[in-house]
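Please open the model in your viewer and keep the selection tool at hand. The tour proceeds from one selection to the next.

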Amino acid sequence: MTEPSRPPAPPAHPEPIVEVQRISISFPGIKALDEVSFRMFAGEVHSLMGENGAGKSTLIKALTGVYQADSGTILFAGTPVSFHGTAQAQDAGISTVYQEVNLLPNLTVAENIMLGREPRRWGAIDKRAMRARSREVLARLGLDIDPDSMLGTHSLAIQQLVSIARAIHIDAKVLILDEPTSSLDNDEVAELFRIIRSLKESGVAILFVSHFLDQVYEIADRLTVLRNGTLIGEYLTPDLLRIELVQKMIGKEVGTLEELEQRVRENEGADAGGTPFLRTRELGRKGSVAPVDLTIAEGEVVGFAGLLGSGRTEVARLLGGIDRSDAGRLELRGDPVRLRTPRQALAHRIAFSSENRRTEGIVDELSVRDNIILALQADRGWFRPIPRKRAEELAQSYIEALHIRPANPDAIVRNLSGGNQQKVLLARWLAVAPRLLILDEPTRGIDIGAKAEIQKLVISLAENGMSVVFISGELEEVLRLSHRIVVMRDRRMIADLDNDALTIDSLLALIADGDAEEDLEETA
Ligand SMILES: Nc1ncnc2c1ncn2[C@@H]1O[C@H](COP(=O)(O)OP(=O)(O)OP(=O)(O)O)[C@@H](O)[C@H]1O
Ligand SMILES: [Mg+2]
């Protein structure tokens with residue numbers, strides 16, 4: 001085990017507001033935290049860093065009373081505390097926004113912000129006060145949405161910001177954000193950071209978990225690194241180089257991403273002459289996405305780039321049979337087909353992995369094995385159960401290929417860390433051996449090591465003839481993996497370009513505004 005390095009000097013406020021001392025938590029078969037210490041200071045942003053499954057969320061849950069520690073002490077403002085449940089932690093001034101949005105889609109925005117703390121008048125909920133206060137909090141966040149609208153009608157990003165609104169409504173002394181940015185676009189992240197800075201200035205201590213190193217280096221004053229449930233060390237951000245941080249997180253030298261890029265360059269993918277695997281002609285859906293003409297060759301990786309809400313997911317949903325098109329047509333290997341349901345798409349070997357793993361993906365209560373074989377089973381029909389032995393083999397092979405942790409097919413998926421849940425979902429779609437795999441944000445919430453694994457996998461699948469639609473808000477990743485890039489803006493396809501002609505900057509310009517499009521056409 002690595003000896004934790006000596007913590008650097010505390011900032012201006014010498015007394016930590018939160019101090020976790022040598023805390024341990026075990027789950028059956030796994031020590032999630034092993035004598036981990038951690039501290040937070042008022043007016044400081046502290047990032048908890050570590051790979052998927054390192055113990056970040058577990059530490060947060062110990063701090064907020066979701067889990068009881070097996071041993072160790074938690075001090076809050078110098079006093080030992082032991083919260084039972086988040087409500088107690090919240091009353092003490094510790095607010096948390098969890099990794100997965102866990103609000104109620106069928107209640108209004110205002111009701112979600114105030115839930116459990118509704119203003120009352122003569123015993124009844126005071127709806128007017130509730131609306132007014134919600135407006136105030138939303139305005140503070142610069143969020144222009146109707147407090148009376150149903151939460152479920154908003155995008156995932158907005159829902160995430162509403163849960164932050166809920167947290168700051170309580171006037172927290174400590175604000176914990178567990179991967180709050182994984183579903184936000186660049187503008188929304190900038191907005192969130194503005195809010196974090198202003199909370200920080202007013203003396204709030206903020207715990208920020210993210211797998212995006214750029215964001216961490218932009219916002220965090222202090223870093224604590226965990227690996228496999230143990231403390232590696234606490235550092236002031238400017239003192240730790242990125243490469244050092246990554247090495248501390250994964251405990252070994254980093255494999256090079258350049259190797260990956262080389263492989264994509266060598267694999268030309270598309271054999272330009274033949275019939276493409278998929279072709280759309282003016283395929284569209286009213287109110288959702290304007291007609292698109294698109295081809296995807298066998299073994300080709302087509303990246304979709306665009307802002308959240310630009311239509312990239314909408315096109316993917318048409319291709320995956322999730323939404324029905326109401327204009328144009330779709331051909332597979334030259335034959336017209338209609339995809340009315342995901343099941344029909346699957347029958348044509350088209351698999352769609354949703355960006356929304358909570359509501360359209362993972363089944364919490366099922367084991368890793370049952371989650372992995374779910375799509376395959378649905379495809380076979382429920383009356384022909386997959387033989388137990390076959391299911392076992394499948395699960396084992398994907399657990400190995402994707403490094404799913406814990407490596408136990410019987411583990412209940414709810415208990416897996418967020419990134420590992422994402423890997424299980426990916427395994428489910430790989431198990432149906434698709435000809436076209438549509439991946440909507442497959443690496444969101446996934447640590448840097450696992451991300452490289454998934455990217456490698458996509459490349460080798462394409463090398464073996466599978467076509468891939470790859471959607472991601474991270475342009476580096478889209479550029480690294482794709483042969484061609486389709487750019488979406490305002491729900492229409494505005495460009496379909498060879499990757500060779502593109503750089504991050506030119507792609508960004510295309511996504512952002514129309515003029516750059518012409519600039520690029522000139523240079524391409
Ligand atoms: N309720 C639980 N029951 C069993 N095991 C659990 C439970 N909660 C967490 N674990 C295990 O504890 C370990 C730490 O998980 P944790 O969720 O804290 O990771 P994390 O650092 O937040 O990862 P990620 O970046 O993927 O979110 C993992 O191996 C996970 O499977
Ligand atoms: Mg987590």
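How do the residues of the shell around ligand 1 divide into nonpolar, polar and charged? Bear in mind that the model is predicted. Select ligand 1 and its surroundings: the shell consists of six nonpolar, twelve polar and three charged residues. Among the 21 residues around the ligand, those that come nearest are Phe 27, Asn 52, Ser 57, Ser 417 and Gly 419. Next, highlight β2 (30–40), α1 (56–63) and α15 (418–431), each of which supplies at least two residues of the shell.

**The domains**

Now colour the chain by its domain assignment: domain 1 (1–84 + 210–253), domain 2 (257–349 + 434–523) and domain 3 (362–433). Why does ligand 1 lie between domain 1 and domain 3? Both domains give residues to the shell around ligand 1, so the ligand lies between them. Turn then to where domain 1 meets domain 2: five residues of domain 1 are in contact with six residues of domain 2. On the side of domain 1 that touches domain 2, two residues are nonpolar, two are polar and one is charged.

**The nonpolar cores**

Select Val 174, Leu 175, Ala 205 and Ile 206. In the largest nonpolar core, which has 71 residues, these four touch the most other members. Helix α5 (residues 156–169) gives the most to this core, namely seven residues. A second, separate core has 70 residues, including Ala 297, Ile 362, Ala 375 and Ile 485.

Return to Ala 205 and display its contacts. Apart from its neighbours within four places in sequence, Ala 205 is in contact with Ile 17, Val 18, Met 40, Phe 41, Ala 42, Glu 44, Lys 173 and Val 174.

**Helix α18**

Select residues 504–512, which form helix α18. Here Leu 507, Leu 510 and Ile 511 are buried. These residues lie on the same side of α18 because they cover an arc of only 95° around the axis. Asp 505 and Ala 512, on the other side of α18, are exposed.

**Asp 410**

Finally, select Asp 410, in the loop between α14 (388–401) and α15. Is Asp 410 buried or exposed? Asp 410 has 10 other C-beta atoms within 10 Å; a residue counts as exposed if it has 12 or fewer, so Asp 410 is exposed. Leaving aside neighbours within four places in sequence, Asp 410 is in contact with Ser 367 and Arg 369. As a last step, select Arg 343 as well: Asp 410 and Arg 343 are 67 residues apart in sequence and 27 Å apart in space, C-alpha to C-alpha.

Methods: Residues are numbered from 1 along each chain as its sequence is written. Chains are lettered from A and ligands numbered from 1 in the order in which they are written. This is a predicted model: local features need pLDDT of at least 70, side-chain atom pairs count only at pLDDT 80 or more; totals for chains, interfaces and linings use all residues. A residue is buried if 20 or more other C-beta atoms lie within 10 Å of its own, exposed if 12 or fewer, and partly exposed in between; C-beta atoms are placed from the backbone. Helices (H or I, at least four residues) and strands (E, at least two) are DSSP runs, numbered from the N terminus. The arc is that of the directions from the helix axis to the C-beta atoms. A residue is near a molecule or strand if its C-beta atom, placed from the backbone, lies within 6 Å of it. Ala, Val, Leu, Ile, Met, Phe, Trp, Tyr, Cys and Pro count as nonpolar, Asp, Glu, Lys and Arg as charged, and the others, Gly among them, as polar. Domain bounds come from an automatic or database domain assignment. A nonpolar core is a set of buried Ala, Val, Leu, Ile, Met, Phe, Trp, Tyr and Cys residues joined through C-beta atoms within 7 Å. Two residues are in contact if their C-beta atoms, placed from the backbone, lie within 7 Å.
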